[in-house]
Amino acid sequence: MAGRLKARITHLEMTERPAARIAMPHGQRVALMRAREMPVSFYRYLYREVGKPHHWMLRRETPDDELLGIIRSSETQIEVLYVDGCPAGFCELDLSQKPDQAEILYFGLMPEFQGRGLAKFFLSEGIHAAWDHDPAKVTIHTNTLDSPRALQLYQRMGFAPFGFDEEDVEPWN
C-alpha cells in the first residue's frame, strides 16, 4: 500500500511482579496522577503529543463518544506523568482481560521529556499499577516505529518477547 509504513511488532509479557520499584529521578519536580473522568480533549492531546512521532493509530479516528466510553471505563486506567507542573506522558492500562492479563496498552513520554531519566521510573510505576490488579501476567507491545530504546527498556524491566507480527501503519502527518 502506497504511503503506508511497515512496522514489526514485538509482543512481550511479564509473569511475575518485580521485587522493587524504580526510584523517582532526582532534580526534577515529578508527579504521577491517576486520571479520573478525563476529558476527551485532554486524552487526545496526550495521545497526539506522545503518539504522533511513532504513528500510533488505534485511537486516532475514534469518535469522541466512543473514546469517552473507553477512557472512562472501569476496565481502563490512565496514569499521567507531570514534570514541573506540565503533562509529560501517559500510561494506559487495559484491564478487560483480567484475571488472565493486564495490558500496558499505551506508554510514552512527549519528546521534550525524553532523555531525562524519566522513562524507567514511569514504566516501573505503570508495571506496578498493572500488577495491583492481580493478573496472571502483564503484557506490552512495541514496534519498529516506537522509540528505538523502547524494546531494550521493556526487556531490562523484566518483559520477555513471546511473539511477533507485522502491520501496515498509516503515517501521522
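Buried means under 20% relative accessible area, exposed means over 50%, and partly exposed is whatever falls in between. Keep that in mind for the cysteine views of this predicted model.

**View 1. Cys86 sits partly exposed.** Cys86 has 38% relative accessibility, so it counts as partly exposed. What is the closest cysteine sulfur to the one in Cys86? It belongs to Cys91, and at 20 Å that is too far for a bond.

**View 2. Cys91 is buried.** Here the relative accessible area is 0%, which puts Cys91 in the buried class. Its closest cysteine sulfur is in Cys86, 20 Å away and too far for a bond. A disulfide is a covalent bond between the sulfur atoms of two cysteines. How many disulfides does the count come to? Zero. The cut-off for such a pair is 2.5 Å between the sulfur atoms.

**View 3. The largest pocket has a volume of about 860 Å³.** There are 37 residues lining this pocket, and the ones closest to its centre are Trp56, Phe107, Thr142, Asp146 and Tyr154. Sort the lining by class and you get 18 nonpolar, 12 polar and seven charged residues.

**View 4. Several helices and strands help to line the largest pocket.** On the strand side, E1 (5-14), E5 (101-109), E6 (137-143) and E7 (160-169) each supply at least two lining residues. Helices H3 (119-131) and H4 (150-156) each do so too. Which element gives the most to this lining? That's E5, with seven residues.

**View 5. The second largest pocket has a volume of about 200 Å³.** Its lining has 13 residues, and closest to the centre are Arg34, Ala35, Arg36, Ser73 and Thr76. Strands E2 (30-35) and E3 (76-83) each supply at least two residues of the lining, with E3 giving the most, at three residues. By class, the lining splits into five nonpolar, four polar and four charged residues.

**View 6. Stepping back, the protein chain has four helices and seven strands.** Follow the sequence along and the pattern reads β-β-α-α-β-β-β-α-β-α-β. The C-alpha trace spans about 45 × 35 × 35 Å along its principal axes. For 173 residues, a compact globule would have a radius of gyration near 16 Å, and the chain's 16 Å agrees with that. Buried residues make up 45% of the 173. Now take the contacts with a separation of 6 or more: 73% of them are between residues 24 or more positions apart.

How values were computed: Residues numbered from 1 in each chain as written. Predicted model: local features only at pLDDT ≥ 70, side-chain atom pairs only at ≥ 80, totals over all residues. Heavy atoms only, no water. 1 Å grid on protein atoms, 1.4 Å probe; cavity = no way out; pocket = protein on both sides within 12 Å on 5 of 7 lines; lining within 4 Å. Points joined across faces, edges and corners; volume = space filled by probe spheres on them. Nonpolar A, V, L, I, M, F, W, Y, C, P; charged D, E, K, R; others polar. Buried < 20%, exposed > 50% of the residue type's maximum accessible area, 1.4 Å probe, protein only. Rg over C-alpha atoms; globule rule 2.2 N^0.38 Å. Contact = heavy atoms within 4.5 Å.
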